[in-house]
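Please read the following report with the sequence and the three-dimensional view open side by side. How do the sheets, helices and one pocket of this protein fit together?

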Amino acid sequence: MNTVELDKIFDQAKSWVLEAGETIRTKINDPLTINTKSNPNDLVTEMDKETELFFAKKIKDTYPDHLILSEEGFGDDIDSLNGTVWIIDPIDGTMNFVHQKRNFAISIGIYQDGVGEIGLIYNVMEDVLYSAIRNKGAYKNEEKLPLLSESVKIEEAILGLNHFWLCENRLVREQTMQQLVRKVRGTRTYGSAALEFAYVAEGIMDGYLTMRLSPWDIAAGVVIVNEVGGTTTDINGDELNMIKNNSVFTCNPRVQHIIIDDYLRKGRK
């Protein structure tokens, strides 16, 4: 995929994201049809499905040779990222969408032969678009994001992580994670993985840690974080498998090894 083609795909994807976001805002107060998937907290609404179908139709009509990996069932059955693959979460943060009507995002990552080329994360209700094209930097709306700070210390870091890390869990001893929480300056949880990636890229959080995410939760964020000098791995520091679920740690590299070595590995069960 050459630069001209990439720019055209980016512009097209951006216009679709903004159009889908406008539709969601218009319908935000309409009655919701809500169902559950894997558990009572794993919600899906008709808006999730309608938004994903909107993207699937647009992509297949415009780029019939492109593939789709997505959450709500309108994608292709794929087992690799060969070719051009759109990885889509139509509403990341569905629980926030249902309960708060804010703090959710449309997330689209476009990968070429396994390499993340384009990332788009749209905070729908705030009308804020985080975007990146590989090797061209990352943006918040039209403002280019600076590279992440090289002077962040662990004691000054703000981390995104949910409270399951501090309870008994299957991955890391909760006592070790409690020590980490005491070590850093503060923790936050926003309920949308895509937005947490965006906030790491923006530099307003220094890391985001999660036990298990699907490719559509992180595909756009990985591209955007890369463009500001961030890094994303699993909690062992290993490369992610972008067609499977992963534990995920995205962060400013200045805090990566301390958190992985002194807490995540040391506390592993």
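The report that follows treats two sheets, then the helices packed on them and on each other, and finally one pocket.

## The seven-stranded sheet

The model is a predicted one, and one of its sheets is open, with seven strands in the order 3-4-5-6-7-8-9 and mixed pairing. Strand 3 (67-70) and strand 9 (143-144) stand at the edges of this sheet, and because each has a single partner strand, one side of each is left without a neighbour in the sheet. Within the sheet, strand 5 (residues 105-112) runs antiparallel to strand 6 and is joined to strand 6 by eight bridges. Gly109 has Gly119 of strand 6 opposite.

Helix 5 (residues 193-202) packs on this sheet, where helix 5 touches strand 4 (84-92), strand 5, strand 6, strand 7 (128-133) and strand 8 (138-140), and its direction makes about 105 degrees with that of strand 6. Helix 6 also runs at about 105 degrees to strand 6, and lies across strand 3, strand 4, strand 5, strand 6, strand 7 and strand 8.

## The five-stranded sheet

A further open sheet is formed by five strands in the order 11-10-12-14-13, again with mixed pairing. Here the edges are taken by strand 11 (186-188) and strand 13 (231-233), each with a single partner strand, so one side of each is left without a neighbour in the sheet. On average, and with direction ignored, neighbouring strands of this sheet are turned by 20 degrees against each other. Strand 10 (residues 158-160) pairs with strand 11 in the parallel sense over three bridges, and Ile158 stands opposite Gly186 in strand 11.

Helix 5 lies across this sheet too, over strand 10, strand 11, strand 12 (207-213), strand 13 and strand 14 (246-251), and runs at about 155 degrees to strand 12.

## Helix against helix

Two helix pairs are set out in the table.

| Helix pair | Angle | Axis separation |
|---|---|---|
| Helix 5 and helix 6 | about 5 degrees | 8 Å |
| Helix 4 (residues 174-183) and helix 7 (residues 253-265) | about 140 degrees | 8 Å |

The angle of about 5 degrees between helix 5 and helix 6 can be put in words: the two helices are therefore roughly parallel to each other. Helix 5 brings Ala193, Ala194, Phe197, Val200 and Ala201 to this contact, while helix 6 brings Asp217, Ile218, Gly221, Val222, Ile224 and Val225. By class, the contact of helix 5 with helix 6 has nine nonpolar residues, one polar residue and one charged residue.

For the pair formed by helix 4 and helix 7, with their angle of about 140 degrees, the contact is made by Thr176, Met177, Gln179, Leu180 and Lys183 of helix 4 together with Ile259, Tyr263 and Leu264 of helix 7. The residues of this contact of helix 4 with helix 7 divide into five nonpolar, two polar and one charged.

## The second largest pocket

Which residues lie nearest the centre of the second largest pocket? They are Gly114, Val222, Asn226, Glu239 and Met242, out of a lining of 13 residues. The volume of this pocket is about 320 Å³. Strand 6 (115-123) and helix 6 (215-226) each supply at least two residues of the lining, and helix 6, with three residues, accounts for the largest share. By class, the lining of the second largest pocket has six nonpolar, four polar and three charged residues. Val222 thus appears in two places in this account, among the residues nearest the pocket centre and among the helix 6 residues that make the contact with helix 5.

Methods
Residues are numbered from 1 along each chain as its sequence is written. This is a predicted model: local features need pLDDT of at least 70, side-chain atom pairs count only at pLDDT 80 or more; totals for chains, interfaces and linings use all residues. Side-chain values use heavy atoms; hydrogens and water are left out. On a 1 Å grid over the protein atoms alone, a cavity is a set of points where a 1.4 Å probe fits but cannot get out, and a pocket is an open set with protein on both sides within 12 Å along at least five of seven lines; lining residues have an atom within 4 Å of a point. Grid points are joined across faces, edges and corners, and a volume is the space filled by probe spheres set on the points. Helices (H or I, at least four residues) and strands (E, at least two) are DSSP runs, numbered from the N terminus. Ala, Val, Leu, Ile, Met, Phe, Trp, Tyr, Cys and Pro count as nonpolar, Asp, Glu, Lys and Arg as charged, and the others, Gly among them, as polar. Two strands pair if DSSP finds at least two bridges between them. Contact means heavy atoms within 4.5 Å. Axes are lines fitted to C-alpha atoms, for helices over the stretch in contact, and angles run from 0 to 180 degrees between N-to-C directions. Angles under 35 degrees count as roughly parallel, over 145 as roughly antiparallel, 65 to 115 as roughly perpendicular and the rest as oblique.
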